[in-house]
Amino acid sequence: MFPDSSKREEVVTVDVSQAKILLQSDHQYLDVRTEEEFRRGHCFVPKILNVPYMLNSPQGRVKNQDFLDQVSSLLNPTYDILVGCQSGARSLNATTELVAAGFKKVRNVGGGYLAWVDHNFPIIKEQQQSAN
């Protein structure tokens, strides 16, 4: 189901402080959390896309079988891409899969959105939490 763990040594992980600096240049941020998580809050950066690596289903979370096709239709494999999720686990799997598919300059964001928030970096919320 998940990419071969032997390929993980090919994946470069950057911390959120490094990621913030890279995102101020020309790096693309690929948020691989669910659409619901993304709407509740995401990194406020110039170039951000949301393509879920896992999808919510009645059986729980399942891998998005169209992930590679969706990313490939939006991003060129030669782009500088940072991949993030909530804590770093999904993004590591997603980055591993992208590297295996030929994406040359893709890096995992260690700690993900939670670390971004912990550093008090800017976020944006599209969906306000209801008071109920």
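**Salt bridges, a hairpin and two asparagines in a predicted model**

Lys-47 and Asp-26 form a salt bridge through their side chains, with 2.5 Å from N to O. A salt bridge here is a side-chain nitrogen of Lys or Arg within 4 Å of a carboxyl oxygen of Asp or Glu. Lys-47 sits in the loop between strand S3 (42-43) and strand S4 (48-50), and Asp-26 sits in the loop between helix H1 (16-23) and strand S2 (28-31), so the pair ties together parts 21 residues apart in sequence. Helices (H or I, at least four residues) and strands (E, at least two) are DSSP runs, numbered from the N terminus. Lys-47 is partly exposed, at 37% relative accessibility. Asp-26 is exposed, at 53% relative accessible area. Buried means under 20% relative accessible area, exposed means over 50%, and partly exposed lies in between (1.4 Å probe, protein chains only).

The structure is a predicted model, in which local features need pLDDT of at least 70, side-chain atom pairs count only at pLDDT 80 or more, and totals for chains, interfaces and linings use all residues. Residues are numbered from 1 along each chain as its sequence is written, and side-chain values use heavy atoms, with hydrogens and water left out. The pLDDT is the predictor's confidence in each residue, from 0 to 100. The protein averages a pLDDT of 90, and 89% of the residues score at least 70. Over residues 3-7 the pLDDT is below 50. Beyond near neighbours in sequence, that stretch has eight contacts in the model. A contact means heavy atoms within 4.5 Å.

The protein has five helices and nine strands. From the N terminus on, the order of elements is β-α-β-α-β-β-β-β-α-β-α-β-α-β. Of its 132 residues, 41% count as buried. Among contacts with a separation of 6 or more, 66% come from residues 24 or more positions apart. The protein exposes about 7,200 Å², and carbon and sulfur atoms supply 50% of this area. Accessible areas come from the Shrake-Rupley method with a 1.4 Å probe; for residues, only the protein chains shown count as cover.

Five salt bridges are found in the whole structure. Side chains of opposite charge can pair when their charged atoms come close. One such bridge joins the side chains of Arg-61 and Glu-37, at 3.4 Å from N to O. Arg-61 belongs to strand S6 and Glu-37 to helix H2 (residues 35-40), so this pair ties together parts 24 residues apart in sequence. Arg-61 is partly exposed, with a relative accessible area of 40%. Glu-37 is buried, at 8% relative accessibility. Glu-37 also meets Arg-90 in a salt bridge, at 2.8 Å from N to O. Arg-90 lies in helix H4 (residues 89-100), 53 residues from Glu-37 in helix H2, and the pair links distant parts of the chain. Arg-90 counts as buried, at 13% relative accessibility. Through shared partners, salt bridges join Glu-37, Arg-61 and Arg-90 into one network.

Arg-61 also has a place in a strand pair. Strand S5 (residues 54-57) and strand S6 (residues 60-63) pair in the antiparallel sense over four bridges. Two strands pair if DSSP finds at least two bridges between them. A hairpin of two residues joins S5 to S6. Leu-55 has Val-62 in S6 as its bridge partner. Asn-56 stands opposite Arg-61 in S6.

Asn-64 follows in the loop between S6 and helix H3 (67-74). Asn-64 is buried, with a relative accessible area of 3%. Its side chain reaches the backbone oxygen of Pro-52 at 2.8 Å. This is a polar contact, a pair of N or O atoms within 3.5 Å; within protein, one must be able to donate a hydrogen and the other to accept it, and residues adjacent in sequence count only if both atoms are side-chain atoms. Leaving aside neighbours within four places in sequence, Asn-64 is in contact with Val-51, Pro-52, Tyr-53, Met-54, Leu-55 and Gln-70.

A second asparagine, Asn-120, lies in the loop between helix H5 (112-118) and strand S9 (123-124). Asn-120 is exposed, with a relative accessible area of 70%. Asn-120 is not a glycine, yet has a positive phi of about 60°. Most residues other than glycine have a negative phi.
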